[in-house]
Amino acid sequence: MPRSILLVSILFTLFSPFTTAQQKSTDPEGHQWWQHAVFYELYPRSFADSNNNGIGDLNGITSKLDYLKGLGVDAIWITPCFPSPQVDFGYDVSDYENIDPMYGTLGDFDQMMGGAKQRDMRIILDFVMNHSSDQHKWFLDSKSSKTAQYRDWYVWRDGKGANQPPNNWLSTFGHAAWTFDPTTGQWYYHFFYAEQPDLNWRNPAVEKAMFDVTRWWYDRGVSGFRLDAVDTLFEDPGLKNNPVLPGTNQYGDPNMDSKYNTKLPEVHGVLQRLRKVADEHDAVLIGETWTKNIAELKNYYGAHGSQELQMPMDLMFMTVDKLSPPEFRQQIATVDSAGGWPVFVISNHDKPRSYNRYGDGRHNDQIAKLMAGLYLTLRGTPIMYYGEEIGMENNDPTRKEDVKDPIGKIGWPKDKGRDGERTPMQWNESENAGFSQATPWLPVPPSYKTHNVEAESKDPNSILNFYKSVLTLRHKEPALLEGEYVALNQNDSNVLSYLRRYKNEAVLVVLNMSSSPQKVSFNLKPQGFGGRKATTLVSTGAPTGEVNLSELSLEPFGVYMAKVSK
Ligand code: NOJ
């Protein structure tokens with residue numbers, strides 16, 4: 001190669017924004033793709049059924065990519081679609097490098113991936129790293145004898161005596177976390193169901209095999225993983241008993257502080273090393289991080305300069321379970337100042353739907369818009385849950401014999417399980433909400449007649465069209481993409497207001513969390529915006545066009561967004 005061309009190509013490699021050491025492309029503010037993306041969690045069993053057997057599948061997802069693109073989704077997180085006995089509906093994986101035939105084939109996966117790429121969308125998979133299925137070949141070998149090749153890939157211990165487990169640890173899904181296996185006379189540990197034995201992350205061979213799984217999927221085009229149950233990867237090797245607390249839980253077991261089998265510090269080393277693998281692929285790691293306080297959340301970003309998860313979910317935000325401006329204000333401020341990139345979620349496949357959790361039974365549609373106005377406009381990345389955009393409601397089983405989720409069977413009637421938040425996506429008003437021509441695996445709630453994609457697409461005031469307009473803004477307003485979060489009127493206990501401020505402009509967001517009309521006034525001089533005028537961007541009620549910020553009227557649960565400039 002002539003020397004001049006060689007020099008140009010070296011300079012290009014060194015200085016191009018697209019060819020940094022880790023192949024990361026960033027915007028002028030240094031943000032990476034996942035910081036501007038809107039994520040959408042979908043439950044493949046329940047999204048769209050292409051072969052009409054009552055269970056959703058990958059080809060169903062592919063057929064809905066245009067819908068997702070039109071909605072404003074950039075990255076789709078698909079909950080586990082790998083081969084599985086489906087005891088925990090996919091969270092019991094029996095082969096990490098394949099697709100469950102119920103959902104299709106690897107060819108279907110590649111086609112879905114191609115369709116997503118064509119539309120400039122990304123696919124994220126669920127990485128169930130704490131445990132496998134008891135039908136995984138590793139566990140089948142592990143249980144076969146004490147000297148089996150994979151014996152040490154799981155956590156085996158002697159009991160304390162006849163019929164006595166090694167210690168008092170409980171499964172989070174009810175009863176002892178240990179199951180006796182007569183073949184070898186030892187007990188194996190499972191934080192979840194007995195069919196989900198915990199992998200032994202203290203064994204380096206487990207780490208290597210599991211990291212290779214992520215590489216395998218990166219090579220197939222996935223852009224990252226949501227890491228399942230990271231809190232539970234490690235247990236105290238001395239098996240100390242957990243402290244017992246007063247009272248019993250919904251399964252009738254004693255309450256316990258799971259001090260010795262959750263949140264052990266060793267997890268951080270694994271996450272740091274997993275992050276290195278992700279960085280080689282410009283991929284994102286999203287954590288199912290059930291943290292109690294901000295210090296715990298900060299650790300998941302990576303303390304002491306180390307890199308761990310780019311996107312630990314702020315699930316504390318989801319536990320603010322009422323429309324309380326002071327509580328949201330506090331939680332937002334805390335996570336906003338934690339030094340990482342916030343991740344906001346209001347619903348998922350383990351929690352009753354936001355429509356019911358926040359709804360008051362009378363203004364639920366309006367409240368669904370209010371919540372969208374909140375989590376889609378904060379500084380950070382939102383993760384939507386399928387159906388939230390049309391106001392899908394929870395549909396809990398009414399009889400024990402209809403329950404599919406084992407938690408609901410064990411916990412009935414105190415805990416009805418998670419079926420209610422996993423019902424089929426509501427596409428139209430035809431039978432089974434257009435999800436399938438066969439009887440769906442879970443029944444659709446009666447509200448599908450009014451709350452479905454087809455009907456809401458035609459209604460300019462629908463929840464769906466509200467989501468679309470906020471997501472459109474979010475993609476194009478520099479202040480919503482790049483701007484800092486500035487809390488306003490912090491003593492107001494009815495209305496939550498804030499600015500997203502970027503250079504000479506800002507977007508003002510005003511959310512009336514009360515059931516009565518409210519009047520608010522803003523003086524944005526201290527924030528650098530002297531004028532009192534603003535231009536409406538989104539409004540669910542009266543204020544439209546140019547408005548005067550010294551007196552703004554909001555309808556009950558009203559949402560107002562405006563642009564202000566210097
Ligand atoms: C968390 C997942 O979100 C939940 O659905 C699952 O049951 C457990 N982890 C076990 O994998």
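**Exercise 1. The hairpin and its sheet**

How many residues stand between β15 and β16 in the hairpin that they form?

*Conventions.* The model is predicted: local features need pLDDT of at least 70, side-chain atom pairs count only at pLDDT 80 or more, and totals for chains, interfaces and linings use all residues. Residues are numbered from 1 along each chain as its sequence is written, and side-chain values use heavy atoms, with hydrogens and water left out.

*Solution.*

Step 1. Locate the strands, which are DSSP runs of E with at least two residues, numbered from the N terminus, as are helices (H or I, at least four residues). Strand β15 covers residues 495-502, and strand β16 covers residues 505-512.

Step 2. Read the turn. The hairpin of β15 and β16 has two residues between the strands, and K503 in this turn has a positive phi of about 50 degrees.

Step 3. Examine the pairing (two strands pair if DSSP finds at least two bridges between them). β15 and β16 run antiparallel and are joined by eight bridges. Within this pair, V509 of β16 stands opposite Y498.

Step 4. Follow β16 to its other partner. Seven bridges pair β16 with β21 in the antiparallel sense, and A506 has V564 of β21 as its bridge partner.

Step 5. Judge the burial of β16 (buried means under 20% relative accessible area, exposed over 50%, partly exposed in between, with a 1.4 Å probe and protein chains only). Because seven of its eight residues are buried, β16 is largely enclosed by the rest of the structure.

**Exercise 2. The order of the strands**

Which strands are the edge strands of the open sheet that pairs on one side only at each of them?

*Solution.*

Step 1. Write down the order. The open sheet has six strands in the order β14-β15-β16-β21-β18-β19, with antiparallel pairing.

Step 2. Identify the edges. They are β14 (484-488) and β19 (546-548), each of which pairs on one side only.

Step 3. Add the twist, which averages 35 degrees from one strand to the next.

Step 4. Inspect one inner pair. β18 (residues 533-539) and β21 (residues 559-565) pair in the antiparallel sense through four bridges; there, Y560 of β21 stands opposite S539.

**Exercise 3. A parallel pair**

Determine how β2 and β3 are joined, and whether β3 is enclosed.

*Solution.*

Step 1. Strand β2 (residues 75-78) runs parallel to β3, and four bridges join the two. L125 in β3 is the bridge partner of I78.

Step 2. Strand β3 (residues 122-127) has five of its six residues buried, so it is largely enclosed by the rest of the structure.

Step 3. Turn to the loop between α5 (106-118) and β3, where D120 lies. D120 is exposed, at 62% relative accessibility. Its phi is near 60 degrees, a positive value in a residue other than glycine. Most residues other than glycine have a negative phi, and most peptide bonds are trans.

**Exercise 4. Two helix pairs**

Describe the packing of α7 with α8 and of α13 with α16.

*Solution.*

Step 1. Helix α7 (residues 204-219) packs against helix α8 (residues 266-279) at an angle of about 30 degrees, and their axes are 10 Å apart. Axes are lines fitted to C-alpha atoms, for helices over the stretch in contact, and angles run from 0 to 180 degrees between N-to-C directions.

Step 2. Classify the angle (under 35 degrees is roughly parallel, over 145 roughly antiparallel, 65 to 115 roughly perpendicular and the rest oblique). α7 and α8 are therefore roughly parallel to each other.

Step 3. List the contact (heavy atoms within 4.5 Å). E207, F211, T214, R215 and Y218 of α7 meet V270, R273, L274, V277 and A278 of α8.

Step 4. Helix α13 (residues 364-375) and helix α16 (residues 463-476) pack at about 15 degrees, with axes 10 Å apart. This angle makes α13 roughly parallel to α16.

Step 5. In this second contact, D365, A368, K369, A372, G373 and Y375 of α13 meet I463, F466 and Y467 of α16.

**Exercise 5. A buried loop residue**

Is E388 buried or exposed?

*Solution.*

Step 1. E388 is in the loop between β13 (381-385) and α14 (406-411).

Step 2. With a relative accessible area of 5%, E388 is buried.

Step 3. Leaving out residues up to four places away in sequence, E388 touches I346, S347, R353, S354, Y375, I463 and Y467. From C-alpha to C-alpha, E388 and S354 are 7.5 Å apart in space, although 34 residues apart in sequence.
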